[in-house]
Each structure stands twice: as C-alpha cells, then as structure tokens.
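Me: I would like to go through this structure slowly, one question at a time. Please explain each term when it comes up.

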Amino acid sequence: MIYLANSNRYEKMIYRRCGNSGIQLPALSLGLWHNFGSVDKPENMKEMLKLAFDNGITHFDLANNYGPEPGSAEENFGNILTGDFKSYRDEVLISTKAGYYMWAGPYGDWGSKKHLTASLNQSLRRMKVDYVDIFYSHRRDPNTPLEETMGTLDSLVRQGKALYAGISNYSPDDTQKAANILRNLGTPCLIHQPRYNIFDRAPENGLLNVLETEKIGCIAFSPLAQGLLTNRYLNTIPDDSRIAKPHGFLQKESLTAERLQAIRQLNDIAQKRGQTLAQMSIAWLLRDKRITSVLIGASSPRQLEDNLQSLKNIDFTEDELSAIDRISIPVLMYRG
Ligand SMILES: NC(=O)c1ccc[n+]([C@@H]2O[C@H](COP(=O)([O-])OP(=O)(O)OC[C@H]3O[C@@H](n4cnc5c(N)ncnc54)[C@H](OP(=O)(O)O)[C@@H]3O)[C@@H](O)[C@H]2O)c1
C-alpha cells in the first residue's frame, strides 16, 4: 500500500457539494470521536489517517472533547498533521465543535460566547493550526439566546479562526432559526451534523426538508449506529469492540434480542447485494442526494478499507428499500 504518495487519491472518491457553498465534501468523511484518544495506539491512528487521505477522504471531524482524555484526539491529530501531513494542510478540511462539557465551571459547557470562543482557541492550540475549516455549535443551548451562539460563530469566522459555521444536533425548528440568523449576519450556515442511520430516522421528520430548502449541507454521523450496523456483533460481543470497551459510548443494552435479529436480517440483504452490512448501511445514506457526506468511525485500517468499498454501489431497488424498512422500523433506536 502506498501512503501519502502522489497518488490518484481524488479519482477514488466521490465529492458532493455542501449546500449552496463553494465546498465539496468527500462522500465519506472520517470522525475521530473514538479510537484517536490517549488510550488508543498512535500507529493505528496514523495508519487510518493516511489510508483515508490516500483514498480521497479529505475531511476529518473532531470536537473539543474527543478522546478519552477529552482533548487528546485533537492533540493526537495535531501531532500527525504537523508530522506526516505537514505539506497537506490545504488539501484537508478539518472541523471541530464546542457545546458539550469540557471544563469545570459555568464557562466550560453549552453555547455562550465565552465557552465557544475559549474552546475554539484551545482546539487551535491542541491541533497546532491557525484555523479550522468548519466550527460547529455541538448542540443547542436552551438557556443562551440563539442570537448569541450564532453571533459567536459569525464572529469567529470573521476573525479567521474558522472558515465556515455549522450546527449539530439542532431540531428542525432551531435549525431554521439558526439559518435565518446566520444568513442575516452574512455567514450562512454551511452544514448540519445530525445522527442518521438505518436505526435512527429522526432527520426524516423535518430536518432534511429544512436543510434542502435552506441549501445547507448534511453530514450524517454514526452511520453504522456505532458498529451495530456491521458484522461486529452478529455472533458475539468481541473483546475489542466498542460495546466491550469501558470508555465506549455504545451500551450493551442497545443490542437487544430483537435488534440482533434485525441486524442479521439486514446482513442477509447486504449479502444479496454483494456488500457487507457496513457497506450497505453507508450506501443506504448516500442514495439520498441530500446527504453531502457520511461521517464514519473506524477502529482499524481494515474497517476503513471495507467502508470505502461502499461507494461501488449506492443504488437500491424499491424492494430492497422496503425490506430494510420492514426489518428496521420496528426496532428503531431513535424515532425523532
Ligand atoms: N455531532 C455529534 O454530536 C456526534 C456524535 C457522535 C459522533 N459524531 C461524529 O461521527 C463520527 C462517527 O461516529 P461513530 O464512530 O459513532 O460512527 P459509526 O461509523 O457509526 O461507528 C464506528 C464504529 O463502527 C465499527 N465499524 C466501523 N466500520 C466497520 C466495519 N467495516 N466492519 C465492522 N465494524 C465497523 C467500529 O466499531 P469497533 O470500535 O467496535 O471496532 C467503529 O468504531 C465520530 O467520530 C464523530 O466525528 C458526532
């Protein structure tokens, strides 16, 4: 395998325009929520980042608190970026976020100007970059005026600390309001980052319509339901899986008997399509042109290789789509 070679990496990837903007995102983006913290192996991280980039994945998604330890994913990413990726800063798109708990006291969380500004300054230092490409409000803060949170995104873009503004986990109503405020400020909302997968259909209840109407991009996170929508748990819970890890966010309770049965049935459909379940789950999202990018996680280069193959077939027959609905809708994890 040739890493960081002057390869034809951009021919291997599909790029989709992000809403009404100048930015194109790779159909697959790589997130560093898990597997890039201080508890993880540096060589594995480096290999995954190189493999991703060499296959045209130009977008890497972070947040202030990714780790564990919180902040360590940004530190590790910064070390790799200033090492192997030194000459590639202009070829990659880096995002980070603030809005979940990061440090003690009233300024370490949520959506105030104080928190967002201090957090982005910390993120820039940890990643050793002058700016990020996208800065997100990670969640809606019900106690801070939306004007303050959006005004801060606009201000950070004007300061050159971020090129674009995004929102994540906002309801359809709040997304509409945020889009209006940002448009009036002259910093249009580039992108929304919701959780969306075969087991989580919440974005279908209004959010995707708002994004389409407002011409805002959509990057779907946890497309594999944190690993449930793969072959990982078909027979057992592997020791090195997210469910088994003490710091993993996927709980054993999510793997109910009914859901496991659904996973096995979905796996049968994937096999008939000539895909792994992971590939089919990614393709299922990409079949919808409103999805700009699918934001995957991976714990090994092998998984990443598997996921990259999903781009070979993102078309579904009506029969396949109805069969997927029939199996998954009764066991949805989130209905929205
Ligand atoms: N905005 C937000 O609030 C928010 C929240 C969550 C995530 N995100 C973003 O979305 C990114 C992705 O989230 P996620 O990690 O939950 O995504 P995911 O793609 O649904 O799950 C990734 C996990 O699935 C398993 N996996 C991946 N590919 C596989 C394959 N081919 N075969 C078998 N198993 C496979 C691995 O589990 P094992 O570890 O068990 O091997 C991997 O760690 C995050 O890194 C972050 O950037 C954003």
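Me: Which residue stands opposite Thr96 in strand 6?

Reply: This is a predicted model, in which local features need pLDDT of at least 70, side-chain atom pairs count only at pLDDT 80 or more, and totals for chains, interfaces and linings use all residues. Residues are numbered from 1 along each chain as its sequence is written. Strand 6 covers residues 132-137 (strands, E, at least two residues, and helices, H or I, at least four, are DSSP runs numbered from the N terminus), and the residue there opposite Thr96 is Phe135.

Me: How many bridges pair strand 5 with strand 6?

Reply: Two strands pair if DSSP finds at least two bridges between them. Strand 5 and strand 6 pair in the parallel sense, and the number of bridges is four.

Me: Through which helix does the chain cross from strand 5 to strand 6?

Reply: This β-α-β crossover is right-handed, meaning that, with the strands pointing away from the viewer, the path from the first strand over the helix to the second runs clockwise. The helix on this path, residues 113-127, is helix 3.

Me: How many residues of strand 5 are buried?

Reply: A residue is buried if 20 or more other C-beta atoms, placed from the backbone, lie within 10 Å of its own, exposed if 12 or fewer, and partly exposed in between. Leu93, Ser95 and Lys97 point one way from strand 5, while Ile94, Thr96 and Ala98 point the other way, and all are buried. Of the six residues in strand 5, the number buried is six.
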